[in-house]
Amino acid sequence: MSDGVVDITILGAGPAGLAAAYYAGHRDVSVRIIESLEQLGGQVAAVYPEKHVYDVAGHPKIQGQALVELCAEQGLQYGADVLLGEEVQSLERLSQNGEELLSVTTDKGGPYLSRALIITAGHGAFEPRKLGIEDIDVWEGKGLHYFVRQKDVFRDRTCVIVGGGDSALDWTLGLQDTAKHPIALVHRRDNFRELESQGRVKILTPYEVRAVHGDGHISAVTVENTKSGETEEVECDALITLLGFHSHLGAIADWGLELEGKRQINIDPTTCETNLPRVYAAGDVAGYPGKITLITIGMGEAAIAANNAVAAIRGEKVQPKYSTD
């Protein structure tokens, strides 16, 4: 890496990206990982670190953060260079000392040069859907939350959770042993009434949040009954909005890659190579007919991508390097 060139650049540090780093490092190639988030673990770490995952091979049940830590321990053991908080921008091909290299830039640096590229960017860059309230962004860091990363952040706090999907319901139940009762669940449709019986949950349906109040920190929200038009002020220390996410490929979509649908990169599932030479994809971002988006599938694709990338770099036949001793 003395000249800044690595064998493989991996875009994304979720489970698939870390798996690719392991398989590449195990094949004795140098690796650089570029991750847009400020932490390892991708969407698992960002969205559900304290929830349990049941469909990862070899783990009947494992907490999201524990899975991330194990993936990082495995994937980084060969000394991969890790760049966090950098979102990729451009991809170019250039010649250096008679060798064709891939050049990637980010919003913070580059060019980062490598001989092959593996894209494991999950669903691409994702950002939370926000409440349609003017100046809602001013409350970020002052009681407004888009994720539940650590349950203890909400210990003994009065919480209002907004949303009607699985995450909103899961965290209304998941914070029962942490937050102050009752937890208010606000949803625009008339669901969830059966949860209110023991006084641990206050169901506000069909309601929407219309205003946020506080002096330096959130202290209450105004909610409106969408049928009657009546409003109510609900005191809270934390407003947790779980309204889903917008996801997009960002600048990657402009690289000339063939897409599978709107948010996946089409790959050959036998090699995980894209239509661009020496550019591979694995995990949720990779698509082909019949694709199943599971963490376990992404890890398998990461091994295929890494082994094919190594073979292409070295001009040799694709083969696994078994890891038993």
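In this predicted model, the buried residues of helix α3 pack against α1 (15–26), α2 (42–47), β3 (52–53), β4 (62–63) and α5 (295–314). The residues of α3 that are buried are Gly64, Leu67, Val68, Cys71, Ala72 and Gly75. Viewed along the axis of α3, these buried residues lie within an arc of 135°, so they line one face of the helix. The spacing of such a pattern follows from helix geometry: an α-helix has 3.6 residues a turn, so residues three or four places apart point the same way. The length of α3 can also be checked: with 1.5 Å a residue, its twelve residues (64–75) should span 16 Å, and the end C-alpha atoms are indeed 16 Å apart.

One residue on the buried face of α3 leads to the question of cysteine pairing. Cysteine 71 has a relative accessibility of 8% and therefore counts as buried. The structure contains zero disulfides. Cysteine 71 is accordingly in no disulfide, and the nearest cysteine sulfur, in cysteine 272, is 17 Å away. Why does cysteine 272 form no bond with the closest cysteine sulfur? The two sulfur atoms, in cysteine 272 and cysteine 71, are 17 Å apart, which is too far for a bond, given that a disulfide requires sulfur atoms within 2.5 Å. Cysteine 272 is also buried, its relative accessible area being 0%.

The nonpolar interior comes next. In soluble globular proteins, nonpolar side chains tend to be buried together. Here the largest nonpolar core comprises 54 residues, and those with the most contacts inside it are Ile8, Leu117, Ile119 and Trp255. Helix α5 supplies the largest share of this core, six residues. A second core, separate from the largest, has 23 residues, including Trp139, Phe147, Ala184 and Val223. Leucine 117, when residues up to four places away in sequence are not counted, touches Thr9, Leu11, Leu91, Leu102, Val104, Trp255, Arg278, Val279 and Tyr280.

Among the strands, β14 (residues 207–214) and β15 (residues 218–225) run antiparallel and are joined by seven bridges. Tyrosine 207 stands opposite asparagine 225 of β15. Three residues lie between the strands of this hairpin, in which glycine 216 adopts a positive phi near 90°. Threonine 222 is located in β15 and counts as buried because its relative accessibility is 14%, below the 20% limit. Its contacts, leaving aside neighbours within four places in sequence, are Glu208, Val209, Arg210, Ala211, His213, Thr231, Glu232 and Glu233.

Another arrangement is an open sheet of three strands, in the order β19-β20-β22 and with mixed pairing. Strands β19 (259–260) and β22 (286–287) stand at the edges with a single partner strand each, so one side of each has no neighbour in the sheet. β19 and β20 (residues 264–266) run antiparallel, with two bridges joining them. Within this pair, leucine 259 stands opposite isoleucine 265 in β20.

The final site lies in a loop. Is aspartate 156, found between β10 (144–145) and β11 (158–162), buried or exposed? Aspartate 156 is exposed, because its relative accessible area of 59% is over the 50% limit. Beyond residues up to four places away in sequence, aspartate 156 touches Thr178, Ala179 and Lys180. From aspartate 156 to glycine 283 the C-alpha separation is 38 Å, and the two residues are 127 apart in sequence.

How values were computed. Residues are numbered from 1 along each chain as its sequence is written. This is a predicted model: local features need pLDDT of at least 70, side-chain atom pairs count only at pLDDT 80 or more; totals for chains, interfaces and linings use all residues. Side-chain values use heavy atoms; hydrogens and water are left out. Two strands pair if DSSP finds at least two bridges between them. Helices (H or I, at least four residues) and strands (E, at least two) are DSSP runs, numbered from the N terminus. The expected span of a helix is 1.5 Å times one less than its number of residues. Buried means under 20% relative accessible area, exposed over 50%, partly exposed in between (1.4 Å probe, protein chains only). The arc is that of the directions from the helix axis to the C-beta atoms. Contact means heavy atoms within 4.5 Å. A nonpolar core is a set of buried Ala, Val, Leu, Ile, Met, Phe, Trp, Tyr and Cys residues joined through side-chain atoms within 4.5 Å.
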